[in-house]
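Grab a pencil and keep the viewer open while you work. The exercises below go step by step, each with a solution to check against.

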Amino acid sequence: MATGNVRYVRYIAVALFTLTLFYFVSHSKYDTVTIPGDGSKSSNPSFPGGPGAPQVPGDSTGGSKAPAFPQGDNVLKDDSIPPPAATEDLAKDETAAQKPAGDETIKSDDTTKSDDTTKSEDTTKSAKASNAPLAMTPNDPGWGDLQGIAPGPRMNATFVTLARNSDIWEIAESIRQVEDRFNRRYGYDWVFLNDQPFDDNFKKITTSLVSGTTHYGLIPEEHWSFPEWIDQEKAKKVREDMKERKIIYGDSISYRHMCRFESGFFFRQELMLNYEFYWRVEPSIKLFCDIHYDPFRVIAESGKKYSFVLSLYEYIDTIPTLWASTKKFMANHPEHISDDNSMAFLSDDGGETYNKCHFWSNFEVGSLEWLRSKPYIDYFEALDRDGGFFYERWGDAPIHSIAAGLLLKKDEIHFFDDIAYYHVPFTHCPTGEQKRLDLRCHCDPKENFDWKGYSCTSRFFELNGMTKPEGYEEQT
Ligand SMILES: Nc1nc2c(ncn2[C@@H]2O[C@H](COP(=O)(O)OP(=O)(O)OP(=O)(O)O)[C@@H](O)[C@H]2O)c(=O)[nH]1
Ligand SMILES: [Mg+2]
């Protein structure tokens, strides 16, 4: 009996305790934790880039990766700088820039992007910021300001990478370099192209690293296959012969498709049609210095069409008849050859023979409009007909370079000295200690290839009447 009473008392105590607990839980107040990217507004920034701080493109703590300045809003509003004609046309079509046709797009943060208020605020900010001058030297206002969103307009531009799924870690390394040194403040898009579908792992990792919107394109078969006029037997014999002669990638079919694709098709992919400027990035590259200004804007505002950081001599066994094909093209299309061209960069005898100099195309910032223009397409098609991608092993570097050298005016080609770069096995490291300190570089100046015997950069300087930087003799 006594035991029974104790049991009842225990039941009542437990019931009372449970009720009390329930009361406190349901009436207590606690702060809402904002999950970045859930669309709700966070507050109280406690550290730069922390929750609630101004959103920096690519800043994962900030949640949104949406560029603060919409891609399409790239009209150069400063009256003193005439906008390139094509920029304006594309800028009007903001929807086109934000919604690339075809293939797959992973939006950085749809909730934020589709928020009308955010968008109109951004546009106003962009209009004000568009007057921000380009800070090209340490004396220019804004040079040292490398925190937060970069002021100034955005060009209609994208990074572009051709890659296989197996390149994921090598391209991740490159993206990290580009983001840390530049794009985290700009949020430019990145287009990835592949002859096979990209897998989820590739997409997941690259999307997490890129501050802008990522797009994934599958290359159509006709851009990655043998044209019907190619004699397969002849092409096969060439590969066997090159294998015997140990010519690098000499026996590779895919390498040849890659070179042909980069020469004639990357800029015509559906996703790329939405953009006017591109920056090519390959796996395993390094950037050694901070990039203080927007290279896309440099290209757009100064009317440049092509740029480089490294130049060198081509391996002649891969292109024995490229110059003969080029000469045939020049004879057939004199209307495409620029009056103020860079023939002196390409030839030491007025065009009779090719000196093998080329810009190293694994880095390029340039105009897609130029690559899509009739002169360039006519040149590519003439070469493609001659079959040297398969009967030899023509690379896209000499092809882009010869095209730039002959079809463009001299001053449409730009040397980006400030972009310190490595792709195995060559380095561009700016000459002059003060420059490297200003740019916060971590490259070894001894590695700089610019003034060494196998580089063609001296020729470029001489041809354009440019003064070589102080101290270059010590690096020869
Ligand atoms: N999707 C795809 N991409 C390729 C293929 N082959 C090469 N690529 C990409 O094309 C670009 C150039 O290829 P690389 O292998 O880097 O050629 P390379 O720069 O001449 O030679 P490396 O010294 O090996 O870098 C890179 O971005 C590669 O990821 C391929 O078969 N498929
Ligand atoms: Mg490479």
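## Exercise 1: Asp418 and Ala420

The Asp418 side chain makes a polar contact with the side chain of Tyr293, at 2.8 Å. A polar contact here is a pair of N or O atoms within 3.5 Å; within protein, one must be able to donate a hydrogen and the other to accept it, and residues adjacent in sequence count only if both atoms are side-chain atoms. A note before you start: this is a predicted model, where local features need pLDDT of at least 70, side-chain atom pairs count only at pLDDT 80 or more, and totals for chains, interfaces and linings use all residues. Residues are numbered from 1 along each chain as its sequence is written, chains are lettered from A and ligands numbered from 1 in the order in which they are written, and side-chain values use heavy atoms, with hydrogens and water left out.

Task: locate Asp418 and Ala420, and work out what each one touches.

Step 1. Find Asp418 in the loop between strand 11 (413–415) and strand 12 (421–423). Ala420 sits in the loop between strand 11 and strand 12 too. Helices (H or I, at least four residues) and strands (E, at least two) are DSSP runs, numbered from the N terminus.

Step 2. Check the burial. Asp418 has a relative accessible area of 9%, so it counts as buried, and Ala420 is buried at 1%. The cut-offs are under 20% relative accessible area for buried, over 50% for exposed, and partly exposed in between (1.4 Å probe, protein chains only).

Step 3. List the contacts, meaning heavy atoms within 4.5 Å. Not counting residues up to four places away in sequence, Asp418 touches Met136, Cys289, Tyr293, Lys435 and Leu439. With that same exclusion, the partners of Ala420 include Phe288, Cys289, His428, Cys429 and Cys443.

Step 4. Add a distance: Ala420 and Arg436 are 16 residues apart along the chain, and their C-alpha atoms are separated by 9.2 Å.

## Exercise 2: Ser455

Task: is Ser455 buried or exposed, and what does its side chain reach?

Step 1. Look in the loop between helix 17 (433–438) and helix 18 (457–463), where Ser455 is placed.

Step 2. Ser455 is buried, because its relative accessibility is 7%.

Step 3. Follow the side chain of Ser455 to the backbone nitrogen of Thr457, at 3.0 Å.

Step 4. Leaving aside neighbours within four places in sequence, Ser455 is in contact with Ser311, Leu312, Tyr313, Phe449 and Asp450.

## Exercise 3: The ligand shell

Task: describe what surrounds ligand 1.

Step 1. There are 14 residues around ligand 1, and Leu162, Asn194, Asp195, Tyr249 and Tyr255 come nearest. A residue counts as near if one of its heavy atoms lies within 4 Å.

Step 2. Sort the shell: 7 nonpolar, 3 polar and 4 charged residues. Ala, Val, Leu, Ile, Met, Phe, Trp, Tyr, Cys and Pro count as nonpolar, Asp, Glu, Lys and Arg as charged, and the others, Gly among them, as polar. Helix 9 (residues 253–264) gives the largest share of the shell, 3 residues.

Step 3. Go through the oxygen atoms of ligand 1. One lies 2.4 Å from a polar side-chain atom of Tyr249. A polar backbone atom of Leu162 is 2.6 Å from an oxygen atom of ligand 1, and an N or O atom in the side chain of His423 is 3.2 Å from an oxygen atom of the ligand.

Step 4. Now the cover: on its own, ligand 1 has 620 Å² of accessible area, and the protein covers 82% of that. Accessible areas come from the Shrake-Rupley method with a 1.4 Å probe; for residues, only the protein chains shown count as cover.

## Exercise 4: Backbone oddities

Task: which peptide bond is cis, and where do Ser284 and Lys356 lie?

Step 1. Recall the usual picture: most residues other than glycine have a negative phi, and most peptide bonds are trans.

Step 2. The cis bond joins Val424 and Pro425, with omega about 5 degrees.

Step 3. Ser284 has a positive phi, near 60 degrees, and lies in the loop between strand 5 (277–280) and strand 6 (286–287). Lys356 has a positive phi of about 80 degrees, in the loop between helix 12 (343–346) and strand 9 (357–359).
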